[in-house]
Amino acid sequence: MKILSGIQPSGQLHIGNYFGMMLPMIRNMEKGELYAFIVNLHALTSVHDKEKLSAGTLEAAADFIALGLDPDRCIFWVQGDVPEVTELTWILSTLTSMGLLERCHSYKDKVAKGIAPSHGLFSYPVLMAADILLYQAEIVPVGKDQKQHLEVARDIGMRFNHIFGETFVIPEPAIEESVATVPGLDGQKMSKSYDNTIPIFLEGKKLKKKVMAIQTDSTPVEEPKDPDACNLYNMFKLFAPAERLTEVRKLYVEGGAAYGYIKQELVKLIDEYFKEARAKRAELLQDKESLKKILANGALKAREKAAPTLDLVRQRVGLKY
Ligand code: ADP
Ligand code: TRP
């Protein structure tokens, strides 16, 4: 089974990225042929800063490896190192209706948040469809926010198959319900574009400051509260051991849950949870040349996989003469 997913290097990766996409991908190393990549071409739709994009790309790669992705047991590369994907994007864009893209929430949300409405941002889902279809991926683990983009990829793939004959595998999304949408500090979806994240590798005072900024209501400590409606609880449950979670849940339901105290406990839990990965990440970033070699090797493997599909597509549409 081919399992594929990508992540943008458009800012520090956060715990929403980790639980929604990175951890499921890491676990999937056992389950099939895994394709993981850093989508720097997509990140160009929101980052126009050379240093930020190039450093962010290497950091995202180090993050993924430090958290447990083993480049020897999967294909791990940087999207822009495989030029086949941009050619496929163009071909697919000629059969993507405007209406399909106009319906995408993500585009509208991003524009509402102040990202410039460029043509690249609008056609972002077509590049994503090419990412997926080029490797004939069957399963795509993502957070809930990407569900619609997956539908667009399926639509485009089916349309191509219908017009030009069976060519692409039609992918299925894999969304883990329990972590489909990790809330941000403000209770909205945690997202790099919303400035409401807890970056995975934050530590010390900076981590504490973020956790303390998690928004909570003003219900007094002794009064009962609904844990599932509480942003803080929903984050706490990602890190707390089962027994402790049961205790805290009881405090919410019966009264006695003190937000400040729970926040302090959460700081320690997050710090501990990522401790080992943090050390590994620092090590990886100290030797950037080795990291680049890993990615170059991954890109070679990805291109080998991409070439036959693109060749077939070129034949099917008549670009081969
Ligand atoms: P961001 O919104 O922070 O820019 P990306 O769009 O790069 O994140 O998302 C990378 C992956 O992480 C996607 O699969 C996405 O669905 C997942 N993801 C992002 N934010 C969250 C979240 N808050 N909860 C669960 N998954 C998320
Ligand atoms: N659009 C995805 C996101 O913002 C990233 C992405 C690009 C992706 N190409 C992909 C995810 C292909 C899965 C498969 O999170």
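This is a short talk on how two ligands sit in one protein model, and on a pair of helices that meet there.

Okay, ground rules. This is a predicted model, where local features need pLDDT of at least 70 and side-chain atom pairs count only at pLDDT 80 or more, while totals for chains, interfaces and linings use all residues. Residues are numbered from 1 along each chain as its sequence is written, chains are lettered from A and ligands numbered from 1 in the order in which they are written, and side-chain values use heavy atoms, with hydrogens and water left out.

Let's take ligand 1. Which residues come nearest to ligand 1? Out of 19 around it, they're His-14, Gly-143, Asp-145, Val-182 and Lys-192; "around" means having a heavy atom within 4 Å of the ligand. Now the polar contacts, that is, pairs of N or O atoms within 3.5 Å. His-14 puts a polar side-chain atom 2.7 Å from an oxygen of ligand 1, and Asn-17 has a side-chain N or O atom 3.2 Å from a ligand oxygen. Lys-192 uses a backbone N or O atom instead, 2.7 Å from an oxygen of ligand 1. On its own, ligand 1 exposes 530 Å², and the protein buries 96% of that (areas by the Shrake-Rupley method with a 1.4 Å probe).

Helix H1, residues 15-27, gives the most to this shell, with four residues. Helices here are DSSP runs of H or I, at least four residues long, and strands are runs of E, at least two, numbered from the N terminus.

On to ligand 2. Its 14 surrounding residues include His-42, Tyr-124, Met-128, Asp-131 and Gln-146 as the nearest. Asp-131 has a polar side-chain atom 2.6 Å from a ligand nitrogen, and for Gln-146 a side-chain N or O atom is 3.0 Å from a nitrogen of ligand 2. Gln-8 comes in at 3.4 Å, from a polar side-chain atom to a ligand oxygen. The protein covers 91% of the 370 Å² that ligand 2 has accessible on its own.

So which helix supplies the largest share of that shell? It's H8, with four residues; H8 spans 124-134.

And H8 has a helix partner. The axes of H4 (residues 84-93) and H8 come within 8 Å and cross at roughly 115 degrees, with axes fitted to C-alpha atoms over the stretch in contact and angles running from 0 to 180 degrees between N-to-C directions. Among the H8 residues that meet H4 is Asp-131, the residue we just saw contacting ligand 2; contact between the helices means heavy atoms within 4.5 Å.

Conventions: Polar contact = N/O pair within 3.5 Å; in protein donor to acceptor, adjacent residues only side chain to side chain.
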